[in-house]
Structures are given as structure tokens and as C-alpha cells.
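Colleague: Hi, have you got a minute to go through this one with me?
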Amino acid sequence: MKIFLASKSPRRRDLLKMLNINFDIIDSNSDETITPNLSLEEQSKNLAFMKAKSVFDETCGDRIVIGADTIVFKDGKYYGKPTSNSNAFDMISELMDNIHQVSTGIAVLIEEDGQYHEFIDCDISNVHITKMSPDEINSWLSLAKYMDKAGAYSIQDEFSKFIDKIEGNYNSIVGLPIHLIYKIISKYI
């Protein structure tokens, strides 16, 4: 059975490699616009499904398509990928010195012997970023590793020195809850 990761994210690729499976990458190029009035859980599941469905519809035969989307959320506000340096600065300023949620939604769409199966889930973690000075924020931004990251930070890079505590699954915060993916696809591979 062919396996496709519907993401160009190098982090998701590296995490999926941990399962020791062969897979191909097809970027979904799907819209990542937040839908009004959806909960954090519904939002991340919806975006993951749109990514997976886009690639599923482009492929055929027995296959597994894995889509994922990570959203950062605090006090009723969603933090996607920053649009500029100043936007990233504002995001980090708002997220630091308090707890926020990181939700990674997954959608695993499977066709096996003409039968369609769909698994949609999400994993939510709490992250606490310590207080940062404007110079520390600008130092992080100067590394230019924030533009493709929800919330303008990445827990696995140099930014990790500002992560005080997490409650939840580290891999989910990075971008792919491989424990959930494994539970689903182990029945098919």
C-alpha cells in the first residue's frame, strides 16, 4: 500500500520517518484559512482534513494519505504562520509569559480494496514560554526560522531555551502526533 504525506514540512517528514515506513510527499497546497466559529479542536481537524483530501483526490489505488495541521491558540485568538517580522514579534510578545495551546490535527484517509476509511483526530498540548526581552525576541527572529511556524516559534530549534514547560506530546507540538498516526496505520501496513 502506498503512503503519502500531504505536507512539505521537513519536521513532519522527519517525524513520520520514525515509524520506519516508506512514504512519498505531495504538498497539498490547500487553503489554511481559519474558519470562524470552530473550536480549536474542530479547526485543526478541519485544516488537516482539507490537506489530506486534496492529496487523496489527486491519487488513486490502495493508499494511505496523512494530512496534519498545527494551530497555536491563546485567549480566544488563533496564531497561524506569521505574515511578517513585525507580525511574528507581536505573536511571540502575546504568547510569552503565559500558557497557550498547540493543537495538531490529523486526517488519515485510506483506500483499501475499494473501501474508503477516514480517521480524523487531534492532539492538544499546553506550552509555557518564559518572559522574553525585545532583544531576545529579535535575536530569535534574526535566525529566520519562524516564517513557516504557527505562533512564530519552533520548540525543536534554538527557541527551545524559552520553553519553560509543556504538558502534552512533544512530537505533536513539533507538528505530527506520530503516536496517533501509528495507531491508525498499523492496521493497514
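Modeller: Sure, here is a quick chat about a helix, a loop residue and some salt bridges. Bear in mind that this is a predicted model.

Colleague: Which residues of helix H6 are buried?
Modeller: In H6, which spans residues 178–185, the buried ones are Ile178, Leu180, Ile181, Ile184 and Ile185. Looking down the helix axis, they fall within an arc of 155 degrees, so they line one face of H6.

Colleague: And what do they pack against?
Modeller: The buried residues of H6 contact helices H1 (10–17) and H5 (170–174), along with strands E3 (63–74), E5 (98–112) and E6 (115–129).

Colleague: New topic: is asparagine 29 buried or exposed?
Modeller: Asparagine 29 counts as exposed because its relative accessibility is 65%, where the cut-off for exposed is over 50%. Asparagine 29 sits in the loop between strand E2 (24–25) and helix H2 (40–58).

Colleague: How many salt bridges are there?
Modeller: The count is 12. In one of them, glutamate 94 pairs with lysine 77 at 2.8 Å, N to O. That pair links distant parts of the chain, with glutamate 94 in helix H3 (residues 85–95) and lysine 77 in strand E4 (residues 77–79), 17 residues apart.

Colleague: How exposed are those two?
Modeller: Glutamate 94 is partly exposed, at 33% relative accessible area, and lysine 77 is partly exposed too, at 38%.

Colleague: What about glutamate 158, which residue does that one bridge to?
Modeller: Glutamate 158 forms a salt bridge with lysine 145, and their closest N and O atoms are 2.8 Å apart. Both lie in the loop between helix H4 (134–142) and strand E7 (163–167).

Technical notes:
Residues numbered from 1 in each chain as written. Predicted model: local features only at pLDDT ≥ 70, side-chain atom pairs only at ≥ 80, totals over all residues. Heavy atoms only, no water. Buried < 20%, exposed > 50% of the residue type's maximum accessible area, 1.4 Å probe, protein only. Helix = DSSP H or I, 4+ residues; strand = E, 2+ residues; numbered from the N terminus. Arc of directions from axis to C-beta. Contact = heavy atoms within 4.5 Å. Salt bridge = Lys/Arg side-chain N within 4 Å of Asp/Glu carboxyl O.
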